[in-house]
Each structure stands twice: as C-alpha cells, then as structure tokens.
Amino acid sequence: MDNKISLQIIGRIYNDYGGKFGVPRQSGLVEEVISRVVLLPEFRRAEAFRGLAGFSHVWLLWLFSEGFASASGDNDDTTILTLPWR
C-alpha cells in the first residue's frame, strides 16, 4: 500500500512573522494578525471566491515550505524543523 499524498502548491501566505520562533504558539496571545494569501497566477479566478464573503472564518491548510531536510542529505540547522520548546 502506497501511503504517499501529493499536494500541489496553489499559493503562499505572507505576514510580518520573520521566522518560526516569532509566531505565537497560542492564538490567544495575539489579538490580531494581518496576513496575505497570494494565489499563483493559474489559480487567480473570481469564481474560486464566490460566496466567501458569507463566512466569518476561513480555514487554510498549509505546510512548511522551507522546513525539510535538503535533497543532498545535509542536515544542518537551517533545514531541520525544531520544536519551539527545545
């Protein structure tokens, strides 16, 4: 059985957090954060957002794009995910 899932990147999320240790671990610690979701050109279609204004919240599914060990096998500190409490 193949347990792999293939995901296609459709956009990026931008905000003022410059690194993983600047992001609060608990959402209640920050009252408001303004972020921008920028879709890649091929996904920028008005029909994708039809009806969105009728909702109070939007859940975005994401993953770290810069947090994986390099393809060369190097495991230096810049490519390894680190838990914030370590």
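## Starting from Ile13

Leaving aside residues up to four places away in sequence, Ile13 touches Ser35, Arg36, Val37, Leu60 and Trp62, where a contact means heavy atoms within 4.5 Å. This is a predicted model, in which local features need pLDDT of at least 70, side-chain atom pairs count only at pLDDT 80 or more, and totals for chains, interfaces and linings use all residues. Residues are numbered from 1 along each chain as its sequence is written, and side-chain values use heavy atoms, with hydrogens and water left out.

Let us see where Ile13 sits. Ile13 belongs to strand S1, residues 11–14. The C-alpha atoms of Ile13 and Val38 are 6.4 Å apart in space, although 25 residues separate the two in sequence. Across the protein, 50% of the contacts with a separation of 6 or more join residues 24 or more positions apart.

Now to the surface. Ile13 is partly exposed, because its relative accessibility is 41% and that class lies between buried (under 20% relative accessible area) and exposed (over 50%), with a 1.4 Å probe and protein chains only. Trp62, found in the segment after strand S2 (36–39), is exposed at 55%. Both residues help make a nonpolar surface patch of about 810 Å², together with Val37, Phe49, Leu52, Phe55, Val58 and Leu60. Such a patch joins nonpolar side chains (Val, Leu, Ile, Met, Phe, Trp, Tyr) within 5 Å, from residues with over 30% relative accessible area and no salt bridge.

Stepping back, the protein has two strands and zero helices. Of its 86 residues, 5% are buried. The protein exposes about 8700 Å², and carbon and sulfur atoms supply 56% of that area.

Terms used: Helices (H or I, at least four residues) and strands (E, at least two) are DSSP runs, numbered from the N terminus. Accessible areas come from the Shrake-Rupley method with a 1.4 Å probe; for residues, only the protein chains shown count as cover. Patches are made of residues with over 30% relative accessible area and no salt bridge: like charges are joined within 9 Å, nonpolar side chains (Val, Leu, Ile, Met, Phe, Trp, Tyr) within 5 Å. A salt bridge is a side-chain nitrogen of Lys or Arg within 4 Å of a carboxyl oxygen of Asp or Glu.
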